[in-house]
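Visitor: I should like to request a close look at a single part of this model, with the terms and cut-offs stated as they arise.
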Amino acid sequence: RLEASSPPPDLKLAAKVAAEIQADAARERKEREYKANRAKEEFRAKVSQVVIHCLNQHYRPDCPRGRIQNSDDFKHLARKLTYAVMEKEMKQGKSSLNLEFTANTR
């Protein structure tokens, strides 16, 4: 015999299933965010390598024009240019998972 205060077994099962569905959805969302962040960081690393390679010629002591005087300026320029390239790529409507480093990016 069921008491009036306890919900019927069907409602308990439905609540349990709903909770599992919400937990699965939250897990999937976290996994997608993790993959997107990882892809974005890998793209940023590739862009920064190219930016540093291009800036190195201006950091050398024998650079005749446009010489970068110290490491703080070099780091600031490298960060600024890296994030400018990333922002430009993101503005093209690409999702974080679809970012690719190609010749057009260079």
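Visitor: What is the relative accessible area of C54, and in which class does that place C54?

Guide: C54 has a relative accessible area of 42% and is partly exposed. In this classification, buried means under 20% relative accessible area, exposed means over 50%, and partly exposed lies in between, with a 1.4 Å probe and protein chains only. The model is predicted, with local features requiring pLDDT of at least 70, side-chain atom pairs counted only at pLDDT 80 or more, and totals for chains, interfaces and linings using all residues. Residues are numbered from 1 along each chain as its sequence is written, and side-chain values use heavy atoms, leaving out hydrogens and water.

Another cysteine, C63, counts as buried at 13% relative accessibility. The number of disulfides is zero, a disulfide being a pair of cysteine sulfur atoms within 2.5 Å.

The setting of C54 is helix α1, which covers residues 9-59. The protein chain has two helices and zero strands; these are DSSP runs numbered from the N terminus, with helices (H or I) of at least four residues and strands (E) of at least two. Helix α2 covers residues 71-91.

Between the two helices there is an aromatic pair, and the count of such pairs is one. The rings of Y59 and F74 have centres 5.0 Å apart and planes at 35°, so the pair is classed as tilted. Y59 belongs to helix α1 and F74 to helix α2, 15 residues apart, and the pair thus links distant parts of the chain. The rule takes rings of Phe, Tyr and Trp (its six-membered ring) with centres within 6.5 Å; planes under 30 degrees apart count as stacked, over 60 as edge-to-face and the rest as tilted. Y59 is partly exposed at 32% relative accessibility, whereas F74 is buried at 12%.

Charged side chains provide further pairs. The count of salt bridges is five, a salt bridge being a side-chain nitrogen of Lys or Arg within 4 Å of a carboxyl oxygen of Asp or Glu. Among them is the pair of R38 and E42, at 4.0 Å from N to O. R38 and E42 are four residues apart in helix α1, so about one helical turn separates them. Both ends are partly exposed, R38 with a relative accessible area of 43% and E42 with 47%. Helix α1 also holds E41 and R44, three residues apart and again separated by about one helical turn. The closest N and O atoms of E41 and R44 lie 2.9 Å apart in their salt bridge. E41 is partly exposed at 42%, and R44 is partly exposed at 25%.

In helix α2, E87 and K91 form a salt bridge of 3.8 Å, N to O. Their spacing is four residues, or about one helical turn. E87 is partly exposed at 48%, while K91 is exposed at 67%.

These residues may be set against the chain as a whole. Of its 106 residues, 16% count as buried. The protein chain exposes about 9,000 Å², of which carbon and sulfur atoms supply 52%; accessible areas come from the Shrake-Rupley method with a 1.4 Å probe, and for residues only the protein chains shown count as cover. Among contacts (heavy atoms within 4.5 Å) with a separation of 6 or more, residues 24 or more positions apart account for 53%.
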